[in-house]
Amino acid sequence: MGQTTSSIASKIAQPVSWMWGRKGDTKKVDISNYRGPSPFVLTRQSSMFFDEDGDLAHEFYEEVRVGKKYIMRRKRHNLIPQGEVELSHPRIHVDIPVVMCEALMTVR
């Protein structure tokens, strides 16, 4: 089972080996030869919004009177997205085809 996984992984990794400037050798990755865009992500799109008062949250609710009851209704208008947020530390981009950890599997 481990051999099948290794052969599939090598078939997937070979077409992207041009990114590191080598032909066929996918065992050792030397990031200094990398010719593509930066593999690190420094910012991300925030999922939070500002309301009219300047409060920041993922969702806003308002209390609305319906008949004799009060209900909480989700607010969807007059919200401003926070925009790009800087990450506390860089992360590796999801599309970079690098094996981070090669685990050995034992078959029993």
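Leaving aside its neighbours within four places in sequence, which residues is Asp51 in contact with? In this predicted model, the answer is a short list: Phe60, Asn78 and Leu79. Before going further into that site, a quick look at the chain as a whole helps.

The protein chain has one helix and seven strands. The helix comes at the start of the pattern, and the rest reads as a run of strands, α-β-β-β-β-β-β-β along the sequence. Of the 108 residues in the chain, 14% are buried. About 9,500 Å² of the protein chain is exposed, with 56% of that area coming from carbon and sulfur atoms. As for how the chain comes together, take the contacts between residues at least 6 apart in sequence: 49% of them join residues at least 24 apart.

Back to Asp51, then. This residue sits in the loop that links strand S2 (49-50) to strand S3 (56-57). Asp51 is buried, yet no salt bridge goes with it. The nearest side chain of opposite charge belongs to Lys75, 4.9 Å away, and a salt bridge would call for a separation within 4 Å, so Lys75 does not qualify.

What the Asp51 side chain does have is backbone company. One of its polar atoms lies 2.8 Å from the backbone nitrogen of Asp55. The backbone nitrogen of Asp53 also comes into play, at 3.2 Å from a polar atom of the Asp51 side chain. Put together, the picture for Asp51 is a buried acidic residue without a salt bridge, with its side chain set against the backbone nitrogens of Asp53 and Asp55.

Technical notes: Residues are numbered from 1 along each chain as its sequence is written. This is a predicted model: local features need pLDDT of at least 70, side-chain atom pairs count only at pLDDT 80 or more; totals for chains, interfaces and linings use all residues. Side-chain values use heavy atoms; hydrogens and water are left out. Helices (H or I, at least four residues) and strands (E, at least two) are DSSP runs, numbered from the N terminus. Buried means under 20% relative accessible area, exposed over 50%, partly exposed in between (1.4 Å probe, protein chains only). Contact means heavy atoms within 4.5 Å. Accessible areas come from the Shrake-Rupley method with a 1.4 Å probe; for residues, only the protein chains shown count as cover. Lys and Arg count as positive and Asp and Glu as negative; His and the chain ends are not counted. A polar contact is a pair of N or O atoms within 3.5 Å; within protein, one must be able to donate a hydrogen and the other to accept it, and residues adjacent in sequence count only if both atoms are side-chain atoms.
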